[in-house]
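I opened this entry to keep track of what I looked up, one topic at a time, with the sequence and the structure side by side.

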Amino acid sequence: MRRDTQHVLLVLLGGALLRIAADDTYLRYVRPSHRWLLLTAGAVIVGLAVVALLRDRAGPPAHEHAGHTPWLLLAPVLVIALVAPPALGADAVGRAGSANPVVDGSDVFDPLPPGGPAELPVAEFVQRAIFDDGGSLAGREVVLTGFVVRRGAAVELARLTIACCAADARPHRVRLVGDLDDPAADTWLRVRGVLQEGSATAAAGYVPALSVTSARAIPPPPDPYEY
Amino acid sequence: MHVFCGVLLTAILARPLLVDALSVPVLQTAATVFVAICVQALPFLVLGVLLSGAIAAFVSPAVLRRVLPARPAAAVPVAGAAGLVLPGCECASVPVARRLIGQGVPDAAALAFLLAAPAVNPVVLVATAVAFPGEPRMVLARAVGSLATACVTGWLWQRLGRAEWIARRAAAAHAVNGGRWAVLAETARHDLVSAGGFLVIGAAAAAALAVLVPPAWTEALAGQLLLAVLVMALLAVVLALCSEADAFVAASLTTLPLLPRLVFLVVGPAVDVKLIALQAGTFGRAFAARFAPLTFAVAVGCAVVAGLVLL
């Protein structure tokens, strides 16, 4: 690959990073705190290319051939520019096995804020349902936001938790029980309901069941993951 | 440049086909994971190439010789411990290790740094502590296991390794006319272009394996310790998780005892498909073909010993 082609490629690559960090697109792939990393890296990549371009124009360009592998840098650029794949959804949840991840030692829970229905992350709801001996969820109405996963006839509400990027996503799932009008997979729902106590057993794969009092389809949120 | 424009034009014209192909759920999942790994790793690769450029521009071989012990056997643990201060993940350490070799650091010491830097830095250890709230010994075992992996591999390489296995074209510093900042910029740019393509290969391999490896792998392992250790070691290689995130994945696999999960944490930052691709591109295929299996064996061994003693 010739030097001038390399420069153009680097500008495109840096531009792609800046582009996805400019709006909420980057949230499909990495956690929110990565935004400034992407902006810095994108700016540095573009900067390196521009500096090299200016130096090449000023003096006789150094001849070098870096082989063919740099061409591969075009792959992420094209995928981002042309397709921008959506955040992980029901397909990824289906691939992750049939049980909820359980984290040892998280059995100390603060009481839920008093008052009306408590808005909880799906992951926290699942951990409370499995471990909380204090009964903070007993008879308490909660509001959960997630997307639909179909498992046979059962309808589940799922949300993926990421630590760094979408490659390390772990799903948390809640079985929805009640009057739902057959939502399609990957539909985002805001559901209100009450935990069916004792439902998150090992036999059930630690998937708690929620008696749904109301469910409303919503547009996908800008940050699709929990962190 | 004509070829380049041709590729771009074809891709844009073929966009409807591409969008169609990627609407299949499994390909969509793989594409998202692919972009996620690239996007997540690129800032760290940029940090690595900038550090590499800074070493080329500002740290002369003479300075490095003064800082490091003269005997390679003693330089290995010093270089490994130096990994404590580079708060990045594995993508950042490959270009830095290559530049260290270019500046005259013994191969074995630079490789010990390569293995230690992503595994024992403060960010990774804190992440591990957060992921395993009730198990502080997990953090200690991970640090000891990873540091041991780096040192043992370094010493073995010093004994058994041959200089010609490392592609010297990679190590040769580029003759750049101009000031030190020009050297920094040109070295960083060159390293980025040559390593970036291999990062893409690694990301693609990891994305493919992420959708191909059946989840039953980990679910069927409860109670079979030996098999669990082996499978978790292999999973660490094929999943290519960032070393700052792998602890959270390991913590979620609660059906397994701690030992196989420790193996997962020690092997992952030392050898995975993304790293193998990066190393093949940076140091040559002859190097990667020998270094990857060596590291894998040493990492599994060190993790098991550290786990048996400390957990």
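Domains of chain A. I looked up the domain assignment of chain A in this predicted model, and it gives domain 1 as residues 3-85 and domain 2 as residues 91-217. I then took the distance between the C-alpha centres of these two domains of chain A, which comes to 39 Å.

A residue in chain A. I next picked L39(A), which I found in helix α2 of chain A, the helix that runs over residues 35-58. Is L39(A) buried, exposed or partly exposed? I noted 16 C-beta neighbours inside 10 Å, and L39(A) therefore counts as partly exposed, since a residue is called buried only from 20 such neighbours upwards and exposed at 12 or fewer. Once I had set aside the neighbours within four places in sequence, I found L39(A) in contact with L18(A) and A21(A). I also checked L39(A) against P101(A), and the two are 62 residues apart in sequence, with 33 Å from C-alpha to C-alpha.

Contact between the chains. I turned to the contact between chain A and chain B, to which chain A brings 60 residues and chain B brings 56. On the side of chain B that touches chain A, the elements that give two or more residues are α1 (2-13), α2 (15-21), α3 (25-58), α11 (180-212) and α14 (246-252) of chain B. Which element gives the most to that side of chain B? I found that α3(B) does, with 18 residues. Sorting the residues of this side of chain B by type, I wrote down 40 nonpolar, 11 polar and 5 charged.

A helix in chain B. I followed helix α6 of chain B, residues 90-102, which has 13 residues and reaches 19 Å from its first C-alpha to its last, close to the 18 Å expected at 1.5 Å a residue. I entered α6(B) as mostly covered, with 13 of its 13 residues buried. After α6(B) comes G104(B), for which I noted a positive phi, near 95 degrees.

Confidence. I closed with the scores, and the model has an ipTM of 0.93 and a pTM of 0.86. Chain B averages a pLDDT of 85, and 95% of the residues score at least 70. Among the elements of chain B, I found the lowest mean pLDDT, 54, in helix α10 (residues 168-171) and the highest, 94, in helix α17 (residues 285-310). I remind myself that predicted coordinates should not be read in detail where pLDDT is low.

Technical notes:
Residues are numbered from 1 along each chain as its sequence is written. Chains are lettered from A and ligands numbered from 1 in the order in which they are written. This is a predicted model: local features need pLDDT of at least 70, side-chain atom pairs count only at pLDDT 80 or more; totals for chains, interfaces and linings use all residues. Two residues are in contact if their C-beta atoms, placed from the backbone, lie within 7 Å. Helices (H or I, at least four residues) and strands (E, at least two) are DSSP runs, numbered from the N terminus. Ala, Val, Leu, Ile, Met, Phe, Trp, Tyr, Cys and Pro count as nonpolar, Asp, Glu, Lys and Arg as charged, and the others, Gly among them, as polar. Domain bounds come from an automatic or database domain assignment. The expected span of a helix is 1.5 Å times one less than its number of residues. pLDDT is the predictor's confidence in each residue, from 0 to 100.
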